[in-house]
Amino acid sequence: MSNLILDFSHVYPADAGNRENGLYRVDLSDISGTDMYCTPEAAEEIRRRLSFCGPDGIHFIDSGNYHYVTGFFLEKIPSPFSLVLFDHHNDMQYPMIHELTSCGSWAGEQLRNNSNLQQLILIGPSEKTIAEISSELKKKLVCISMQEIENHMVDRAFASVRLELPAYISIDKDVLNRYEARTNWNQGQMSVSTMERILQEIFQHQQVIGVDICGECSLSEPFPQLLEDERINRATNRILYHFLSEYLPVRNS
């Protein structure tokens, strides 16, 4: 199992990848054609640099601009599985540049093209955002809106989840409120404690293959704002990493 920091923008602290905390840093910052949209050439190089690892483990994948990287881990899963996606957005839009994968289209592309992806459980967007999803994708989709979470209706929604399938979990911190995460996209209202309760249910009822986490802030922010945002994100990243490590223990090589 490889616990990774995928470094596209240098937003993570320099000491965030070391043997003591069980994280291995992969420098991807020199690859062009990766920010929001991923060119075929960039995709090929990212796959090459990730060829040493499987889909298991805990992976930090930078800001939401790089959420499409989840697809590269999903490609490594050789048998039927489900994807549990925490996100304020649906990431199932058609890209403006159709030949490129984007951070807003990757989940829809996985549903259309990855034959092993049997079910996608989308957790946290608004009912309006869910209604925007193309009807062609909904046959493999279970959606749990933020309104359902706030009204304690998660159990009813989970009744449609195929628990026999192993799950890969992808977390975009833009689903969280701004007290607990600062991202470069508009955000939802979920708390970390609510996310942990839902994650605990998933771990108790499904085999979990691996987890990735994105949703870092932009380095182009004014410096005082950047310091505050980085402090909040680092605290939440530590909380999530320690929580997830209880279920996916770190094994140093």
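**Exercise 1. Which residues of helix α3 are buried, and what do they pack against?**

Step 1: find the helix. α3 covers residues 106–113; helices (H or I, at least four residues) and strands (E, at least two) are DSSP runs, numbered from the N terminus.

Step 2: pick out the buried residues. Buried means under 20% relative accessible area, exposed over 50%, and partly exposed in between (1.4 Å probe, protein chains only). In α3, the buried ones are W106, A107, G108, Q110 and L111.

Step 3: look at what they pack against. You should find the helix α2 (70–74), plus β5 (81–86), β6 (101–102), β7 (117–123), β8 (141–144) and β9 (167–172).

A quick word on what you're looking at: this is a predicted model, where local features need pLDDT of at least 70, side-chain atom pairs count only at pLDDT 80 or more, and totals for chains, interfaces and linings use all residues. Residues are numbered from 1 along each chain as its sequence is written, and side-chain values use heavy atoms, with hydrogens and water left out.

**Exercise 2. Zoom in on L111: what does this residue of α3 touch?**

Step 1: check the burial. L111 has a relative accessible area of 7%, so it counts as buried.

Step 2: list the contacts, where contact means heavy atoms within 4.5 Å. Skip the neighbours within four places in sequence, and L111 is in contact with M92, L117, L120, L137, K140 and L141.

Step 3: take one partner, K140. L111 and K140 are 29 residues apart in sequence, while their C-alpha atoms are 7.6 Å apart in space.

**Exercise 3. Where do T34 and L23 lie, and are they buried or exposed?**

Step 1: start with T34. Its loop runs between β2 (24–27) and β3 (37–38). The relative accessibility of T34 is 7%, so this residue is buried.

Step 2: find who T34 touches. Not counting residues up to four places away in sequence, the list is F8, A42, I46, N65, Y66 and Y68.

Step 3: do the same for L23. This one sits in the loop between β1 (4–7) and β2. L23 is buried because its relative accessibility is 9%.

Step 4: with residues up to four places away in sequence again left out, the contacts of L23 include N3, L4, I58, F60 and Y241.

**Exercise 4. How many disulfides does the structure have, and why does C38 not form one?**

Step 1: set the rule. A disulfide is a pair of cysteine sulfur atoms within 2.5 Å.

Step 2: search the whole structure, and you get 0 disulfides.

Step 3: check C38. The closest cysteine sulfur to its own belongs to C103 and is 11 Å away, so that's too far for a bond. C38 is buried, at 4% relative accessibility.

Step 4: check C143. Its closest cysteine sulfur is in C214, 18 Å off, which is too far for a bond. With 21% relative accessibility, C143 counts as partly exposed.

**Exercise 5. What does the whole chain look like in numbers?**

Step 1: count the elements. The protein chain has 8 helices and 10 strands.

Step 2: test the size. A compact globule of 253 residues would have a radius of gyration near 18 Å (over C-alpha atoms; 2.2 Å times the number of residues to the power 0.38). The chain has 17 Å, which agrees.

Step 3: fit a box. Along the principal axes, the C-alpha atoms fill roughly 45 × 35 × 35 Å.

Step 4: finish with burial. Buried residues make up 55% of the 253 residues.
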